[in-house]
Amino acid sequence: MTESGTETAGGERLRRWRMALGGGEGDGTGQTLGGRDAAMDGALAALYGAGDGKGPGERTAGLGGSAPRVARWLGDIRTYFPTPVVQVMQRDAIERLGLSALLLEPEMLEAVEPDVHLVGTLLSLNKAMPDATKETARAVVRKVVEQLERRLATRTRATLSGALDRSARTSRPRHRDIDWDRTIRANLKNYLPEHRTVVPERLVGYGRAARAVKKEVVLCIDQSGSMAASVVYASVFGAVLASMRSIATRLVVFDTAVVDLTDRLDDPVDVLFGTQLGGGTDINRALAYCQSRITRPADTVVVLISDLYEGGIRDEMLKRVAAMKAAGVEFVTLLALSDEGAPAYDREHAAALAALGAPAFACTPDLFPEVMAAALEKRPLPVP
C-alpha cells in the first residue's frame, strides 16, 4: 500500500472511532467531523449523548420534550440510517427519554418508522389516546400487521393445510375426493409401460369432511405489558388461522379479566385494539373460560401464550391443564411468540407444565407454523 493509501486507511479508522466515541477531550482521535458525518453524530448525540456539557465537542442529549424537535430528529435518523437501525433508535428513545406521550400526537406518529415494538407501545397507550390520534395510530398498526401477514400467512396456510390433509387422508375415498397426485405417487411401482398407465392398487384421498371443520384451535394470550410483541404476532396468526375453513379458531386475551375477541378475527387490527396491555395475570381464570368452550377435546389444540407469572390459583391452573390433556386436548405453552430472544418466565410453573406433558418454550414467528402442524397431527412438538 502506498503512503497516501496508508494515510487514507488510518484516517478512515480514526473517523470511525470518532463516530463511536462521541468526541470530547477523552476520545483521543483528534478528529473533527463535517457534513453528513456531523449530522449523523448530532442525531446520535441527541439520543445517546452524556448530557453533561463538559466540552464543546462532547455529545449532549438534546431531544427534550419538544414535538417539533423530535419530529425533525425522526426525519434525520431515517435519512442517515437503515430501517432496522432506525427502529432500534426509536425504541431506545421511547425507553431512555420518555417520549411515549409524544406518540399521542398524529404528527409524531406519521414521522415514526413502524415496527412490532412501536405497535406494542401504541397499544399500551390506547386508552389515553386522544380521538384525533386514533385513526393515525390505526394506520400505523395496520401497516405493521400487513407486513407481518405478507411474511407469515402463505407459509402458515400451506404448512397447516398439509397437516390437516394428512390427518384426514383415507384409503377408500369417493371419486371426487381422490387425491390424484398422491395416488399416482403411491402406485408408481404399478406402472405398465405397454399401456403407458398406472394401475392404482391403493387410492389416496380425503374424507367426506375435507371441506368441513376438522380441528379447533384456541389461542389464549396473556396481555400483560411484557407480552406486547407476542400479542401482536398472535393476533396476526389468529386471523390467518381463522381464514382457514378447516380450522375453527377462538382467540382469548386475559390479564386479571378474560376477553373473547373471536368475533374480531377477520381483522387483526381490531383484535389488537381490543386488547389492553398491562395489569395483572390470572391464567387459571383464562384457562377455565377456554375449557368451558371446548366441545371436541380430541380435535382441539389449546395454545397458551404467557410468561407464566401467575397471579391466580396455581394448583387450579395445573389441574385444568391436566384435565384438558386427559380429555384429549393438545396443549401447547409458548413463553413468548416473538423474535426478541430468550424471555423472562416463571421457571417453576414451566417445569410443572412439562411434568404434565405440556413443555413450555419460546417460539419465533417463523417456527410457529411447524409447532401448530405438529400439534394438529398429535406428534412431538419441534421444541427449539
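**Close-up views of strands S5, S6, S8 and S9**

**View 1. Strand S8 in the predicted model is mostly covered, with 6 of its 6 residues buried.** S8 spans residues 300-305. Thr300, Val302 and Leu304 point one way from the strand, while Val301, Val303 and Ile305 point the other way. The residues of both groups are buried.

**View 2. Strands S8 and S9 pair in the parallel sense.** S9 covers residues 330-337, and 5 bridges link S9 to S8. Within this pairing, valine 301 of S8 has glutamate 330 of S9 as its bridge partner. Helix H12 (residues 314-326) forms a right-handed β-α-β unit together with S8 and S9.

**View 3. Strand S5 runs parallel to S8 and is joined to S8 by 6 bridges.** Two bridge partners serve to locate the pairing. Glutamate 216 is partnered by threonine 300 in S8, and cysteine 220 by leucine 304 in S8.

**View 4. Strand S5 (residues 215-222) is mostly covered: 8 of its 8 residues are buried.** One side of S5 carries Lys215, Val217, Leu219 and Ile221. On the other side are Glu216, Val218, Cys220 and Asp222. Both faces are covered, and the charged residues named here, Lys215, Glu216 and Asp222, are buried along with the rest.

**View 5. Strands S5 and S6 form a parallel pair with 8 bridges.** S6 consists of residues 247-254. Cysteine 220 stands opposite valine 252 of S6. From S5 the chain passes through helix H9 (residues 228-242) to reach S6, in a right-handed β-α-β crossover. Cysteine 220 also has a bridge partner in S8, leucine 304.

Note on methods:
Residues numbered from 1 in each chain as written. Predicted model: local features only at pLDDT ≥ 70, side-chain atom pairs only at ≥ 80, totals over all residues. Heavy atoms only, no water. Buried < 20%, exposed > 50% of the residue type's maximum accessible area, 1.4 Å probe, protein only. Helix = DSSP H or I, 4+ residues; strand = E, 2+ residues; numbered from the N terminus. Pairing = 2+ DSSP bridges. Right-handed = clockwise from strand over helix to strand, strands pointing away.
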